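Q: Please take a close look at one part of this structure, starting with a single residue and its surroundings. Then carry on from there to whatever else deserves attention.

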Amino acid sequence: MNASQSIKSLQDNIAQVIKGKSRVIEMAIVCLLARGHLLIEDVPGVGKTTLAHSLARSLDCSFKRIQFTSDLLPSDIVGISVFNRQKQAFEFMPGPLFAHIVLADEINRTTPKTQSSLLEAMSEAQISVDNHTYPLHQPFMVIATQNPAEYHGTFPLPESQLDRFLMRLRIGYPTPAEEKKVLDRPQLLHPADEIQPVLSAQHIVDLQAQAEKVRMEDSLMDYLLAIVLATRHNDLLSLGVSTRGALALCKAAKALALVRDRTYCLPEDIKELAPTVLSHRVMLSRSQGMRTKTGEHTERILQDILDSVPVPI
Amino acid sequence: MALDQAFRLSSILLAATGFASLTLAIVLPPWLLTFAGGAFALAVLRVNHATAISGALQHLRLSALTWNIFLLLAFAGFWIDLLLVSQELLPAGIHFLVLLLVNKLSNLDQRRDFLHLYAISLITLLASAALTTQLWYAPFFFVYLVAGVWTLLLYHLRQEQEEDAGRHMTSANPAQTRSARPTITVRFFWTTNGLAAGAFGLTLLFFFLIPRIGIGLLQNTHGESLRTTGFSEQVDLGVIGPVKQDPSIVMRVELPDSVGPATTREPLYLRGVAYNRYNGKSWSNSLPHRRMLTELPPGTFTLRTSRAKLPASPQGLRQDILLEPLDTAVLFGAPFLSTVTGTFLSVQSDLMGSLHLAFPSHTRIQYTAYSLPTSLSSAERTAAAVLYPEHILQQYLQIPDVSSQIVELARHVTQPAGSVFHAVTLIHTHLLADYRYNLDVPSLQSAHPLEDFLLTRKTGYCEHYATAMVVLLRAVGIPARLVTGFLATEWNEFGGYYTVRQRDAHAWVEVYFPQSGWITMDPTPPVPETIGQSWWQSMGRVMDSVRLQWDRLFVHFSANDQLTVVQGIRESGEVVRTKLSESLSALSVKSSAMLRLVMSTLAPTGIPHAALLVMLAIGAAYLGRRLLHSPRNDASQSDALSAHQRTVITLYTTMLHCLAQRGIEKAASTTPFELLRQVREQWFEAWPAADALTQLYTHVRFGQAPLTREDRTTAEDLLRRLRTLGRSTPPQNNKAQ
C-alpha cells in the first residue's frame with residue numbers, strides 16, 4: 001500500500017464518523033504527518049473529541065483523553081513516582097501523556113502551571129520527571145480543544161504555548177443534511193468505536209518521514225518567507241509570525257502535498273494552509289480591540305496578506 | 001596529464017619564454033646561455049617523477065648551503081660585472097637575473113619558489129621589453145601571456161587540491177582523494193587558451209584606449225642608426241659598390257595618391273644629394289651654402305624656388321616616407337622636393353635642391369614629401385643650341401684634368417648630334433650599349449677610376465656610369481651634375497609601399513636645360529630583377545608589412561595617433577548620426593504628413609497635438625507597466641531556474657496571455673489552480689486545455705520534472721487549441737463588453 005492509498009483509506013475511515021468535514025479531517029492528517037499538534041477551537045458538541053478519537057482508532061494507536069480542569073496538576077498528566085515497598089524504591093507511574101494520541105480537552109480551563117507541563121512533551125516528544133527523561137511514543141500528537149464562547153474561569157494559553165501547536169482549526173457546524181445523517185445513525189455505540197484501524201503506528205512514522213522528503217522549490221520558499229515577512233510588517237498585527245511559524249508552515253505544506261499525492265509543493269499548499277497554521281501565531285494590534293478571540297478576524301487579515309503577496313510564476 | 005606535472009611544465013614554460021625573449025633582446029655571454037639552458041633542461045627532466053633519469057637527478061641535487069654560496073658568489077659577480085666588466089647597470093643586472101633564474105629553476109620545491117620564479121620571469125620579460133621594439137617581441141609576449149594564464153590557473157588549482165587533500169586526510173580514506181585528483185583535459189586546455197586570448201584582446205583595447213605617455217622612456221636606441229654612403233660632403237667614386245649587397249632597410253615609401261596595379265610599380269627615384277665638382281677621384285659640392293626653409297603652417301616646410309607665392313596646399317606627387325635612423329641628415333624624396341611635412345625643428349636646403357635636417361635623427365622619422373617632377377619641353381628637345389645662364393656655366397661645367405682621350409671620346413660620340421638633347425641621348429646610349437654592369441670593381445684602389453672605366457675595363461656600376469656621363473656631357477659643354485639617392489624597385493604589394501634597402505643606393509645624372517630645368521637621366525643599364533616571386537620572398541614581404549604595422553601601431557603609437565583614431569571614430573560617428581537623422585526626419589516628414597491628412601479629415605486643428613500626447617502617454621504607461629510587471633525577483637530567480645523550467649514558464653505565460661484576452665486575468669496572488677477554477681467558471685470550453693497545461697506547468701515548474709519533447713509538443717498543441725477557441729467562441733463574461 002503506497003502513501004496515497006494509506007492516506008485515502010485513513011481519510012475514508014474517519015469520514016465514516018465525522019460527516020461532511022473532509023477539510024477538517026484532511027487538516028488533522030496533515031498535522032499528524034507533519035509531526036505537529038492540533039488545537040481545535042470551537043463550541044462544544046461539534047465533534048472535537050470524536051475527531052481525535054476516530055483518528056486514534058483508525059491508526060491502531062493508544063489514545064488517552066485528559067479533561068483539563070482548574071485543579072488539574074502537572075503530575076496528573078505526566079505521571080508520578082510512587083514508592084514501591086517491595087523494591088524499596090520509587091517507581092514511575094506514567095501519566096496519560098504516554099499515549100500516541102492525547103486529547104487535551106478544554107485546555108484553557110487549567111492553570112498555566114499544568115498547561116506548561118505539556119510544553120516539553122509537545123516540542124521534544126519526551127518527559128522529564130525526577131531527573132529522568134522518558135521518551136514518548138511515536139507518533140505522538142496532542143489534540144487540544146478549547147471553547148471560544150465562554151471565558152469565565154479560563155486561563156488563555158500563553159503565546160509560547162500557542163506557538164507549539166502546528167495549526168488551529170475550527171470545525172464548525174455541519175450542514176443540515178449532514179447533521180441529519182448523524183441523527184440517523186444507531187446510537188447504541190459510540191460511532192468512533194465502530195471503525196477499525198487501517199494503519200499501524202509504524203505506518204504513520206514512515207509517512208512522516210516521507211512527508212519530510214517532499215520537495216519545495218526555491219521560489220516557493222521565497223513565497224512562504226514573503227508571506228511571513230508581510231505579517232511582520234502589517235499595521236494591523238502587533239506580532240508577526242516567528243521563524244518557528246515559518247518552519248511550521250513549511251512542514252505543513254509538505255505534508256499537505258503528500259496527502260494530495262504529490263512529491264512536490266505547490267503555491268496553493270502554502271496559500272491554503274497559511275491562515276490555519278499562522279493565525280494563532282500572530283497578535284492583533286491594540287487598535288483591533290479584543291473582539292476577536294475566535295481568530296476569525298485574524299484569519300481575515302491573513303487572507304488579505306495572502307491576496308497581496310505575489311505567487312511565483 | 002596530471003595536475004602537478006602540468007603545473008610544473010607551464011611554470012617552466014613561463015620562465016623559458018621570458019628568458020628566450022631576453023636572449024633575443026641582449027647578447028648574453030655563451031657560458032651564461034649554456035648554464036641557463038642546462039638548468040631549463042634539468043628542470044624539465046625533473047618534472048616527470050616516474051622516469052629513471054629524474055630519479056637519478058634527485059640524487060644530483062646540491063645542498064641548500066651550496067646554493068646559498070652560489071647566490072653570494074653571483075651577487076659578488078654582479079658587482080664585479082657592474083664595476084669592471086660591462087660597466088653598465090642593465091647588462092650586469094640581467095646577468096645577475098639569469099643567475100637567480102638558474103637558482104630558482106634548480107630548487108623548485110615549495111610554493112614560494114614558484115612565486116619567485118614567476119617574479120623573475122616577469123622581470124626578464126620587462127627587461128627585454130625595455131631593450132627592444134622589434135616585432136619578434138609580440139609572439140613572445142603572447143606566449144608569455146598564455147603561459148601566465150595557464151600557470152596561475154594551475155597554481156590555484158594545485159593549492160586548492162592541497163587544501164582539499166589536507167581536509168580529506170582527517171575525514172575520508174586516501175583512496176577517495178586520489179580518485180578525485182583532477183587531470184588536465186583537452187577542453188580545459190582550450191578554455192584556458194581562450195581566456196588568455198581574451199585577456200590579450202582586452203590588453204590591446206587598453207593599449208589603444210589608455211592615454212599615452214611619450215615613448216622612449218625605457219627605450220634604448222642609441223647606436224642603432226644605419227651607416228649610409230654617398231650622402232656626405234665628399235663622395236669617393238666607388239663607395240656605393242660595397243653596399244650594393246646590403247639588404248638592411250633604409251626607408252619605406254607609400255604613394256597614397258597614386259593609383260596603379262597593386263602588384264607591381266615603376267621604379268621610383270628617391271633623390272638625396274647632388275654634386276657638381278669632380279676632382280678625378282671624388283665628388284663634392286662647391287655650393288655648401290644652405291638656407292632655412294619657411295615653416296608655414298607649422299610642420300610644413302616649403303622650398304621657394306622663385307618669388308612665386310606659396311601655394312595654399314602642397315602640390316605634386318605625395319609620398320609618405322618612414323625613414324630609419326641614418327647617419328645622414330638628408331631628407332629623401334622623388335625629384336624634385338617642393339614641400340615636406342613632419343615634426344622637424346628645421347629643414348635646410350642647399351642650392352641644388354637637396355633637403356637636410358639640422359642633424360641626423362637617432363629615431364625613426366616619418367614625413368610626407370611633395371615633389372614636382374620636371375620634363376623636357378618639346379622646344380628644347382629639338383633645339384640645336386641653347387643659351388645657358390652664366391651661373392650655371394660656372395658651376396656645372398667643371399672637368400678635372402682628365403686625359404684628353406675622354407674629351408676625344410665625348411666629341412666622337414656626339415659627332416652626329418643634331419641638337420643638344422640628341423647629344424645627351426647619344427652619350428646615354430653609348431654608355432648603355434658599350435659598357436657592362438659589374439659590381440666587382442676595385443675602383444677605390446685605382447688612381448684614375450674614371451679612365452679605367454671609360455677606356456680600359458669598360459665594366460662598372462651606377463657611380464661609374466653616372467660620373468662618366470656627367471664628365472662626357474661637360475666635355476661637350478652641356479651642364480650636368482651627379483645625384484645620389486635610392487632607386488626603389490621593391491614594391492610590397494601586401495603593405496602597399498616601396499621597401500628601400502641599402503642595396504638600392506644609386507647614382508644618376510641631372511642635365512640642365514634652361515627652360516625645363518634639371519632633367520633626370522640614368523645611364524646605368526637596368527639591374528636584373530631583384531624582386532623575387534617565390535613564396536619565400538613574398539612571405540618575407542608579408543612579414544615586412546606586418547613589421548611596419550607593428551612599428552606604426554605599437555612601437556610608435558603615440559598620443560597623437562590616439563587622437564587621430566578618436567577623431568576618426570568621432571567623424572565617422574558624426575556621419576552615421578547625420579545619415580540617421582536625415583532618414584529619420586524623412587520618415588517623420590512622411591508620417592506627420594500622413595497624420596495631418598488623417599487628422600484634417602477627422603477633426604479641426606489642435607487635435608493632432610492632443611492625439612500625439614495621448615499616444616505618448618499610452619506608450620509611457622505601457623512601458624511603465626512592463627517595467628513594473630517584471631519585478632527584480634524574477635531576474636534573480638531566473639538564474640536558479642533550469643532550462644526546462646524556463647521553457648515551461650514561457651508556455652504558461654503564453655497561456656496566461658490567451659486567458660487575459662478573454663478577460664480572465666491572473667492576479668499576482670492567484671495560484672495556478674485557483675486560476676484554473678476561475679477558468680472553469682468563466683470559460684468552460686477552455687478548461688480541459690488549461691487544466692492539462694497547468695498540470696504540466698506545476699509538474700515541471702515546482703516538481704522540477706524534466707520537460708520531454710512530447711510534453712512540449714502537447715503543450716504547444718494545447719496552446720494552439722486555446723487560441724482557436726478564443727477566436728471562435730465569443731466571450732461571455734468578458735469585461736471589455
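A: A:Glu106 counts as partly exposed because 18 other C-beta atoms lie within 10 Å. Burial would take 20 or more such atoms, and exposure 12 or fewer. The model is a predicted one. A:Glu106 sits in the loop between strand E5 (101–105) and helix H5 (112–124) of chain A. Its backbone deserves a look. Phi is near 50°, a positive value in a residue other than glycine.

Chain B has a residue to set beside it. Phi of B:Lys458 is near 60°, again positive in a residue other than glycine. B:Lys458 is found in the loop between helix H15 (449–457) and strand E16 (459–460) of chain B. It has 13 C-beta neighbours inside 10 Å, so it is partly exposed.

Next, the peptide bonds. In chain A, the bond joining A:Gln138 and A:Pro139 is cis, with omega about -5°. A:Pro139 belongs to the loop between strand E7 (132–135) and strand E8 (141–146) of chain A. In chain B, the bond from B:Pro335 to B:Phe336 is cis, with omega near -5°. Here the proline comes before the cis bond, and B:Phe336 follows it. B:Phe336 lies in the loop between strand E10 (330–331) and strand E11 (337–342) of chain B.

Strand E10 leads on to a sheet. In chain B, 4 strands form an open sheet in the order E6-E12-E13-E10, with antiparallel pairing. Strand E6 (290–292) and E10 stand at the edges of this sheet. Each has a single partner strand, so one side of each is left without a neighbour in the sheet. Inside the order, strand E12 (347–350) and strand E13 (355–357) of chain B pair in the antiparallel sense over 3 bridges. One bridge puts B:Gln348 opposite B:His356 of E13(B). Strands of a sheet pair through backbone hydrogen bonds, either parallel or antiparallel.

Other strands of chain B pair as well. Strand E2 (249–254) and strand E9 (317–323) of chain B are antiparallel, over 4 bridges. B:Val253 has B:Ile321 of E9(B) as its bridge partner. E9(B) also pairs with strand E14 (365–371) of chain B, in the antiparallel sense and over 7 bridges. There, the bridge partner of B:Gln319 is B:Ala369 in E14(B). E9(B) thus pairs with E2(B) and with E14(B).

Now a helix of chain B. Helix H24 (709–728) has 20 residues. From its first C-alpha to its last it reaches 29 Å, close to the 28 Å expected at 1.5 Å a residue. Which residues of H24(B) are buried? They are B:Ala715, B:Leu718 and B:Leu722. Seen down the helix axis, the buried residues fall within an arc of 60°, so they line one face of the helix. An α-helix has 3.6 residues a turn, so residues three or four places apart point the same way. The buried residues of H24(B) pack against H21 and helix H23 (687–701) of chain B. The other side of H24(B) carries exposed residues, among them B:Arg709, B:Glu710, B:Glu716, B:Asp717, B:Arg720 and B:Arg727. B:Thr713, B:Thr724 and B:Ser728 are exposed there too.

H21 also borders a loop of interest. B:Ser669 is located in the loop between helix H21 (643–661) and helix H22 (672–682) of chain B. With 17 other C-beta atoms within 10 Å, B:Ser669 is partly exposed. What does B:Ser669 contact, leaving aside its neighbours within four places in sequence? Its contacts are A:Leu306, A:Asp307, A:Ser308, A:Val309, A:Pro310 and A:Val311.

That brings in the interface. Here 19 residues of chain A are in contact with 16 residues of chain B. Three helices of chain A each give two or more residues to the side that touches chain B: H10 (218–232), H12 (267–278) and H13 (296–308). By type, the residues on that side of chain A are 10 nonpolar, 3 polar and 6 charged.

Last, chain A as a whole. Its secondary structure comes to 13 helices and 11 strands. Of its 313 residues, 42% count as buried. Among chain A contacts with a separation of 6 or more, 78% join residues 24 or more positions apart.

Terms used
Residues are numbered from 1 along each chain as its sequence is written. Chains are lettered from A and ligands numbered from 1 in the order in which they are written. This is a predicted model: local features need pLDDT of at least 70, side-chain atom pairs count only at pLDDT 80 or more; totals for chains, interfaces and linings use all residues. Two residues are in contact if their C-beta atoms, placed from the backbone, lie within 7 Å. Ala, Val, Leu, Ile, Met, Phe, Trp, Tyr, Cys and Pro count as nonpolar, Asp, Glu, Lys and Arg as charged, and the others, Gly among them, as polar. The expected span of a helix is 1.5 Å times one less than its number of residues. The arc is that of the directions from the helix axis to the C-beta atoms. Two strands pair if DSSP finds at least two bridges between them.
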